[in-house]
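This report describes a structure of two chains in formal terms, for a reader at the bench. The sequence and the model are shown first.

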Number of protein chains: 2
Amino acid sequence: MSSVNSDAISLALVEPRCVSRGNPSPRSSVLCSPTVFQNIGGGWIEAQNSRGEVGLVPEDYLEVSPPSNSRVPPPPLCPSPSQQTSNGGGDPWSAWNTDATGGASNNWASKPEGTQTGRSAAPDPWGAQSHPQAYQGPGKTGGNLGPEPWTLWWTANQSNRAILGGSRVCSNCQTFVRLPLSRFPGFSKSGPELYLLAKQLVKGSQKLSIYMGEVGPVWSYPDNQLDCVVADPKKGSKMYGLKSYIEYQVTPNTTNRPVNHRYKHFDWLYERLLDKLGSAIPIPSLPDKQVTGRFEEEFIKMRMERLQGWMTRMCRHPVVSSSEVFQLFLTYKDEKDWKTGKRKAEKDETVGVMIFATIEPEAPDLDPIEVEQKCDQFSRFTKAMDDGVKEILTVGQEHWKRCTGPLPKEYQRIGKAFQNLSSVFNSSGYQGEATLTDAMTAAGKTYEEIALMVAEQPRKDLHFLMETNNEYKGLLGCFPDTLAVHKAGIEKVKEGDKLVATSKITPQEKVTMAKRVSTMSYTLQAEMNHFHSNRIYDYNRVMQLYLEEQAKFYETIAEKLRQAHAQFTTM
Amino acid sequence: MSSVNSDAISLALVEPRCVSRGNPSPRSSVLCSPTVFQNIGGGWIEAQNSRGEVGLVPEDYLEVSPPSNSRVPPPPLCPSPSQQTSNGGGDPWSAWNTDATGGASNNWASKPEGTQTGRSAAPDPWGAQSHPQAYQGPGKTGGNLGPEPWTLWWTANQSNRAILGGSRVCSNCQTFVRLPLSRFPGFSKSGPELYLLAKQLVKGSQKLSIYMGEVGPVWSYPDNQLDCVVADPKKGSKMYGLKSYIEYQVTPNTTNRPVNHRYKHFDWLYERLLDKLGSAIPIPSLPDKQVTGRFEEEFIKMRMERLQGWMTRMCRHPVVSSSEVFQLFLTYKDEKDWKTGKRKAEKDETVGVMIFATIEPEAPDLDPIEVEQKCDQFSRFTKAMDDGVKEILTVGQEHWKRCTGPLPKEYQRIGKAFQNLSSVFNSSGYQGEATLTDAMTAAGKTYEEIALMVAEQPRKDLHFLMETNNEYKGLLGCFPDTLAVHKAGIEKVKEGDKLVATSKITPQEKVTMAKRVSTMSYTLQAEMNHFHSNRIYDYNRVMQLYLEEQAKFYETIAEKLRQAHAQFTTM
């Protein structure tokens, strides 16, 4: 099963080689070659023909294949000769399709969990050279001074990238894509005009409040912050054991009742949140999918930790945590409840920029010029922070390698050298040798212990510093899109007079646009402030943890050395 | 000036390319090509002719050239056509002759201090791959994170060795060489027979006592141990500033009156001790001579430290410290006193194996079989210890490199990364940023401080561990010769019956030999015990120092990290 609910309208994709053009915007247009389907609503589907031309096709013209066995594409739209060999050796995708579960299936509607969807290889909006999740958390490094899994992981990862080559994997291609389409022919389809010029905004929907706080616009935060614990990963199976998966227990602090979720459920939740809130709120990616080793203990542990981190961040966001789909995820009562909720969430029409229609800033309209300056400042800030975060990740990776590789090996060798010399001394046949040899052996063993400590330490401190920065790297990567949506709104309002003059909009619509863009600005600023306060909290916490653990580490080493020192006789 | 006193009998060497054959035994025969002179006493000189034949030549047959301008060799003995081009480009020696003082002089009798005499390149008796003094002490490493002088030194050293090629430099070639010559034609000239079968032993000479201590035979140690301080290096010059040198102040604890000595005086002392005591007592080499950079502060400091180490070891030895030549070196009253003493020391005839004639063990003769077993054990021990010491030196060198190179660079980068992120945070425009940014900047600075500490630390602890092991490596390298002299004595005694049967010796001489070899055995065992007690003392001390400094180092880091930690706000 893909993350598409089986009873949602869905179109089978013949050829899973998709290229996402430009930024991985929650609403950027997606071009799937050779055939693209986009249900734009109202009975129309956007598709590409064999000559590469894109156009709208009546829904009825297309054969809608059932989601579970949709190997064969609708005839008129799938002319590529490569479609039948997509599983062949020359296809860079084939490497990904042979996953750990042994499935070489090319059926995307039922591809096994763990098949690479490519979110991991999403284009870096700031063109950073490193992989978005290049840092690999706790490998089996501690104590084991052999070849480090970190290196293995890195190597594997690099080669995967090489296999992928220039093509980017598009996670949206497997799902039902709803693109907000402008009602105005002259407008970009992916812009915020849908909201700015909507004749009528959503009614009766839950409203999201923004207040003026000390730091500026802020979301209305709940009195009791939602939180949840992701724990207790268990292996499950279905189809008579043919398919295995890992299920995690998620327990929210509101009900204290655990619910079970597989990774693909988290993925479904992510897609829904991105769809519904992504225009206004940066929704960070989930931890990477994994091709192999999904059932290895270390991997499961790390994935759980990262899912926990992601859920904690989502819980902390007042808009996300109060959203119906998020609540469903945390508190569904039974399988039926879950399925019904899923279906409803997938049919939700208040998605994309229309989320702004549910936001009510309880304050006067903002000055667009001032707002623009603030946005520019924030844009520069996030870019600079992205650089800073990447610098920490880079040096942290190198430090991790050194601490788990050559450095403990050296301490081990120092320890061995002391012990070897001690053995030699022991063979001298000279009287009164024991005190020195015992002490030297103890000193040698101490350095062997230090070697182990050095190798283990990164998992105790550097790991968390890396995880936090990695999380922020992902989060920062969402801001260019969020900022772009806002900027497009501002630009549109600036064109107001021209649009009125050319009768594209009415003078009343121009006024409405200005008012609505102010709501967008409030939202963005509330997001900025939410980001800043969380950032200060997170870095304060992680730096404290890091320094505390580092201090303890050095103290323990010093203590061990003092003990070793005490064994030598004073002269 | 060479280390030969100008008024000692000396013979000019035309061609300074000398090859030392075999181990650098204190009395191994030395072959200088194309011409060798060895004053064997009694009016005879050993020399080699143009056809490579070695023979004895009456002293009167040779022209004894004055030591200061002896460029031209005595005609009949110097047929090599290369002699006139010894300063040419193809000669591996030429590189050494162009030393830091700018002198390209080939005049060995007056070669400037600092010209390579080659003791540094003495063949390693155990064939170790590394240079006897490969470890280079405190370079300009601390704080300076640029290219490390250690590497520069090593590279320079390696290339020097390459220049030397296969030829070994023979330090003896520049000096007046006294080889003990056996009076018995069938015997090896370098063996202990000179002593074992001497008709009459030295009379009236100072006697050296050996007692039976708890651990076996031990030297008679003085109540107040001699010690001295080598300090206050000063640049001096002579010949109107054409020649510069460094003079060290040496102050013994007996007189507390400082005397001045140049490196070449230490070298002279070393040669005298080697000559006089080397058959019985391992006399470790002086620290290396240096081709370039002799006047650089770091080099002078390290040489002084090593000269101090060498002097301390010599002072600690009861036989060395009580010797006339050593006392002269430490306590000469004025220049005249020094010159007179030097002349006397150079004329001393109780040299080589004859030193055993001055030793009086106050105990019954030892069982040669038992002694042989002890010697074999000690031989294995020193070989094993040599391996152990070299292992420490090897891993220590690598650790030194890491601690002064990549590791502090990494800490520096971590520090910079924290500070950079702090600057970014500072630019957020968000309220209440200062506490975090101040704390992060402090944390960053802390890691920069740690970087400096890490880079400086090896000079505070590893340095002494390396110096001690380096010293022991040198000392251990002397034992094979000391053991070989003893073994030759034992073997000779074993041949006693055969020698009597073939009338090579009288039965009375056989009895004398057995008695005298027992004295040699006492001496060797006293040396073994002296070595062991010093070794235990030295390693106890250096390990304590190392661990103490290491503990302090980690404690200081932990303390700094605690301070950095305290700057973050508790949440």
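The text below covers the model, a sheet with its helices, two further helices, and the contact between the chains.

This is a predicted model, in which local features need pLDDT of at least 70, side-chain atom pairs count only at pLDDT 80 or more, and totals for chains, interfaces and linings use all residues. Residues are numbered from 1 along each chain as its sequence is written, while chains are lettered from A and ligands numbered from 1 in the order in which they are written.

**Chain A overall**

Chain A has 15 helices and 11 strands; helices (H or I, at least four residues) and strands (E, at least two) are DSSP runs numbered from the N terminus. Of its 571 residues, 45% count as buried. A residue is buried if 20 or more other C-beta atoms lie within 10 Å of its own, exposed if 12 or fewer, and partly exposed in between, with C-beta atoms placed from the backbone. Among contacts between residues at least 6 apart in sequence, 73% join residues at least 24 apart; a contact requires C-beta atoms, placed from the backbone, within 7 Å.

**The sheet and its helices**

Strands 8, 9 and 10 of chain A form an open sheet in the order 8-9-10, with antiparallel pairing. Two strands pair if DSSP finds at least two bridges between them. Strand 8 and strand 10 of chain A stand at the edges with a single partner strand each, so one side of each has no neighbour in the sheet. From one strand to the next, the twist averages 35°.

Strand 9 (residues 243-252) of chain A is joined to strand 10 of chain A by four bridges. Val250(A) stands opposite Val259(A), and Glu247(A) has Arg262(A) as its bridge partner. The two strands form a hairpin with six residues between them, and Asn256(A) in the turn has a positive phi of about 60°. Side chains alternate along strand 10 of chain A: Val259(A) and His261(A) point to one face and are buried, whereas Asn260(A) and Arg262(A) point to the other and are not.

Two helices of chain A are listed here with the strands that they touch or cross. Axes are lines fitted to C-alpha atoms, for helices over the stretch in contact, and angles run from 0 to 180 degrees between N-to-C directions.

| Helix of chain A | Strands of chain A | Angle |
|---|---|---|
| Helix 4 (residues 263-277) | Strand 9 and strand 10 | about 85° to strand 10 |
| Helix 5 (residues 297-316) | Strand 8 and strand 9 | about 130° to strand 8 |

**Two further helices**

Helix 10 (residues 406-426) of chain A is mostly covered, with 16 of its 21 residues buried. Its end C-alpha atoms are 30 Å apart, which agrees with the 30 Å expected at 1.5 Å a residue; the expected span is 1.5 Å times one less than the number of residues.

In chain B, Glu372(B) lies in helix 9. Glu372(B) counts as partly exposed because it has 16 C-beta neighbours inside 10 Å. The C-alpha atoms of Glu372(B) and His399(B), 27 residues apart along the chain, are separated by 40 Å.

**Contact between the chains**

In this model, 53 residues of chain B are in contact with 53 residues of chain A. Helix 9, helix 10, helix 11 and helix 15 of chain B each supply at least two residues of the side that touches chain A. The largest share, 20 residues, comes from helix 15 of chain B. By class, this side of chain B has 28 nonpolar, 14 polar and 11 charged residues. Ala, Val, Leu, Ile, Met, Phe, Trp, Tyr, Cys and Pro count as nonpolar, Asp, Glu, Lys and Arg as charged, and the others, Gly among them, as polar.

Chain B superposes on chain A by a rotation of 180° with 0.0 Å of shift along its axis (RMSD 0.1 Å). The two copies are therefore related as by a two-fold rotation axis. Superposition is by least squares on the C-alpha atoms of residues with pLDDT of at least 70 in both. The same surface serves both copies, as 100% of the contact residues of chain B recur in chain A.

Key:
Two residues are in contact if their C-beta atoms, placed from the backbone, lie within 7 Å.
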